[in-house]
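Visitor: I have a structure to look through and a handful of questions about it. Could you walk me through them one at a time?

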Amino acid sequence: MMLYVENLKKIINRIVSSDKIAVVSHVSPDGDAVGSSLALAIALRNSGKTVDVYLEDGVPAVYSFLNASDTVLNEWPGEEYNLAIALDAGDLDRLGKSVQVFNSAQVRINIDHHITNTNFGQYNYVDINASSTGEVIYKLIGMLELELNKEIAECLYVAIATDTGGFRYGNTTSNSMLAAAQLLRHDIEVSEITRRIFELTTEKKVRLLGAAISSLEIAAEGRAALMYLSNEERERLGAVSEDFEGIVNIARNIAGVEVAAFLVERQPKEFKVNFRSNSYVDVSEIAVRHGGGGHKRAAGCTITGIPLIEAMEKLKKELLEAL
């Protein structure tokens, strides 16, 4: 614990002494990546620093209501930064093209909460006990003695709420609930935020969900569930990465299922795979085996070089072994 505190103190000193900062996060950004990046950027900008946020895939439409989301960049024009801060990314590969921004900075900081993080920064703070990177940024903003306003509070609430599944997942702790309680003091509209990030959907997402459910396969005597979406079906529906968020939970939530996987074919013989488990299977171990990572109960990876049928059979075998 002492090492983590010392790392955080060094990171704070570096942030305080830098005036031109880049914030980057992972490809296919989720609510935690977007919320924590925007919250830190807004807080630092309000303190007088120049801060740019880079997300290769931009801000998903579901989070576009957040303050400063329209300032996010998806290409690096060659700017030079005193400091680059990577948030919510387990390794350099997860940064996509934004890795160019990160690697070009004079000082590079890595802040995360994934147990599989590779500590790729010059300075690293990885709190695996935190529910989300948003929870870590909430603490960091306090230690930097930066002002916490409504706009920042909304971003942090989205970060924490999305990674805890609306405070329903096992990573929800007293610390995450206390942080959320403090954020509510800034008069954020919780009911509207909840509707936007958990309830509001599109016709395309509903049709996509139908296609995924129709592919459902149950294995391991009902303890494993798998779904997939072929490249052809994905293109027919016009689905993009943000449309797939949360779909794997449909399979995981089936009574009796411990572990679930959802495969999306991005191009022939290339599959983005999301894993979820309920109680005891560590899906991060499966993801790491394929060059991915994540948490014990939620992880992801990419599988390449084999057709859909073979990929499904391979994962069935691995899920059975994990069980």
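Visitor: In this predicted model, which helix holds N249?
Guide: This is a predicted model, so everything we discuss is computed from it. N249 sits within the run of residues 248-252, and that run is helix α10.

Visitor: Is N249 buried or exposed?
Guide: The cut-off for buried is under 20% relative accessible area. N249 has a relative accessible area of 12%, so the residue counts as buried.

Visitor: Which residues is N249 in contact with, leaving aside its neighbours within four places in sequence?
Guide: Look from helix α10, where N249 is placed, to residues beyond its sequence neighbours. Contact here requires heavy atoms within 4.5 Å. Those that N249 touches are Y169 and R276.

Visitor: Where is T172, and is T172 buried or partly exposed?
Guide: T172 is placed in the loop between α5 and α6. Its contacts, neighbours within four places aside, are T164, F167 and M177. Its relative accessibility is 22%, and buried would need a value under 20%. T172 therefore counts as partly exposed.

Visitor: How far apart are the C-alpha atoms of T172 and N129?
Guide: Along the chain, T172 and N129 are 43 residues apart. In space, their C-alpha atoms are separated by 9.7 Å.

Visitor: F167 came up among the contacts of T172. What is the sign of phi at F167?
Guide: F167 is found in the loop between α5 (150-163) and α6 (174-184). F167 is not a glycine, yet its phi is about 65°, which is positive.

Visitor: Which other residue, in the loop between β8 and β9, has a positive phi of about 65°?
Guide: The loop in question runs between β8 (259-267) and β9 (270-277). The residue there is not a glycine either, and it is partly exposed, with a relative accessible area of 44%. That residue is K269.

Visitor: How many aromatic pairs does the whole structure have, and what kind is formed by Y54 and Y81?
Guide: A search of the whole structure finds 4 aromatic pairs. For Y54 and Y81, the ring centres are 6.2 Å apart and the planes are at 85°. An angle over 60 degrees is the cut-off for this class, so the pair is edge-to-face.

Visitor: Which parts of the chain does the pair of Y54 and Y81 tie together?
Guide: Both rings belong to buried residues: Y54 has a relative accessible area of 1%, and Y81 also has 1%. The two residues are 27 residues apart in sequence. The pair therefore ties together strand β2 (residues 50-54) and the loop between β2 and β3 (83-87).

Visitor: Which residue lies over the face of Y81?
Guide: A lysine can count as lying over a ring if its NZ is within 6 Å of the ring centre. At 5.7 Å from the ring centre of Y81, the residue over the face is K20.

Visitor: Where is S25, and is S25 buried or exposed?
Guide: S25 lies in strand β1 (residues 20-25). Leaving aside neighbours within four places, its contacts include Y54, L87, D88 and R94. With a relative accessible area of 0%, S25 is buried.

Visitor: Which residues touch the most other members of the largest nonpolar core?
Guide: This core has 49 residues. One of its hubs, L140, is in contact with L8, I12, I15, L40 and I111, neighbours within four places aside. The residues that touch the most other members are I15, I85, I111 and L140.

Visitor: Which strands stand at the edges of the open sheet of 6 strands?
Guide: The order is β6-β7-β8-β9-β11-β10, with mixed pairing. Each edge strand has a single partner, so one side of each is left without a neighbour in the sheet. The edge strands are β6 (217-219) and β10 (293-294).

Visitor: Which residue in β11 is the bridge partner of G294?
Guide: β10 and strand β11 (residues 298-304) run antiparallel and are joined by 2 bridges. In β11, the partner of G294 is A299.

Visitor: Finally, how many disulfides are found?
Guide: C155 is buried, at 0% relative accessibility, and C301 is buried as well, at 3%. A search of the whole structure gives a disulfide count of 0.

Conventions:
Residues numbered from 1 in each chain as written. Predicted model: local features only at pLDDT ≥ 70, side-chain atom pairs only at ≥ 80, totals over all residues. Heavy atoms only, no water. Core = buried A, V, L, I, M, F, W, Y, C linked by side-chain atoms within 4.5 Å. Buried < 20%, exposed > 50% of the residue type's maximum accessible area, 1.4 Å probe, protein only. Helix = DSSP H or I, 4+ residues; strand = E, 2+ residues; numbered from the N terminus. Disulfide = S-S within 2.5 Å. Phe/Tyr/Trp six-rings, centres within 6.5 Å; stacked < 30°, edge-to-face > 60°. Lys NZ or Arg CZ within 6 Å of the ring centre and 35° of its normal. Pairing = 2+ DSSP bridges.
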